[in-house]
Amino acid sequence: QVQLVESGGGLVQAGGSLRLSCAASGRTFSSYNMGWFRQAPGKERDWVGTVSWSGGTTYYADSVKGRFTISRDNAKNTVFLQMNSLKPEDTAVYYCAAGGYGSSISRYNYWGQGTQVTVSS
């Protein structure tokens, strides 16, 4: 069992940066691939990217590639989402998820409660 808590969201101007954190409880965190997803108002939840259990491999959605970076610190049971060059269309609730791989929501077993990111133009 893994419990996830996101933090670091907020309001930022277009072109700015934010760093989201996802703190995990449970002894098996380091064995899970971790994903980030986001959901804008009135839209479906979309995959942002995934980091492998070791941190050695990352995959990103085309919409964020080159702007967002996912990393993890297994010693601290935390995964990060560094977001640069933010755009208004990045506005969404951001969720971290554990236990899956790839872009499919159904593959992930554990979810955080989400943190709001708002990018003003």
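The following dialogue discusses how to read several features of this predicted model.

Reader: Which secondary structure elements make up the chain, and how many of each are there?

Author: The chain contains zero helices and 11 strands. Followed along the sequence, the pattern is therefore one of β elements, written β-β-β-β-β-β-β-β-β-β-β.

Reader: What does the radius of gyration say about the chain?

Author: The value is set against the one for a compact globule. For 121 residues that reference is near 14 Å, and the chain has 13 Å, which agrees. Along the principal axes, the C-alpha atoms fill a box of roughly 40 × 25 × 25 Å. Of the 121 residues, 45% count as buried.

Reader: How should I read contacts between residues that are apart in sequence?

Author: One takes the contacts between residues at least 6 apart in sequence and asks what share spans a longer separation. In this chain, 55% of them join residues at least 24 apart.

Reader: Where is the largest nonpolar core, and which residues have the most contacts inside it?

Author: In soluble globular proteins, nonpolar side chains tend to be buried together. Here the largest such core has 33 residues, and L4, M34, W36, L81, M83 and Y94 have the most contacts inside it. Strands that each supply at least two residues of this core include strand 3 (18-25), strand 4 (34-39), strand 8 (78-83) and strand 9 (92-98). Strand 9 gives the most, with five residues.

Reader: Which residues are in contact with Y94, leaving aside its neighbours within four places in sequence?

Author: Among them are L20, F37, F68, L81, M83 and V117, together with E6 and R38.

Reader: Is D90 buried or exposed?

Author: The test is the relative accessible area, where buried means under 20%. D90 has a relative accessible area of 0%, so D90 is buried. This residue is placed in the loop between strand 8 and strand 9. Beyond its neighbours within four places in sequence, D90 is in contact with R38, R67, F68, S85, V117 and V119.

Reader: S85 is in contact with D90. Where does S85 lie, and what is its phi?

Author: S85 also belongs to the loop between strand 8 and strand 9. Its phi is near 50 degrees, a positive value in a residue other than glycine. With a relative accessible area of 41%, S85 is partly exposed. N77, in the loop between strand 7 and strand 8, has a positive phi of about 55 degrees although it is not a glycine.

Reader: How many charged side chains does the chain have?

Author: There are 11 positive and 7 negative side chains, and the centres of the two sets lie 6 Å apart.

Key. Residues numbered from 1 in each chain as written. Predicted model: local features only at pLDDT ≥ 70, side-chain atom pairs only at ≥ 80, totals over all residues. Heavy atoms only, no water. Helix = DSSP H or I, 4+ residues; strand = E, 2+ residues; numbered from the N terminus. Rg over C-alpha atoms; globule rule 2.2 N^0.38 Å. Buried < 20%, exposed > 50% of the residue type's maximum accessible area, 1.4 Å probe, protein only. Contact = heavy atoms within 4.5 Å. Lys, Arg positive; Asp, Glu negative; His and termini not counted. Charge placed at Lys NZ, Arg CZ, Asp CG, Glu CD. Core = buried A, V, L, I, M, F, W, Y, C linked by side-chain atoms within 4.5 Å.
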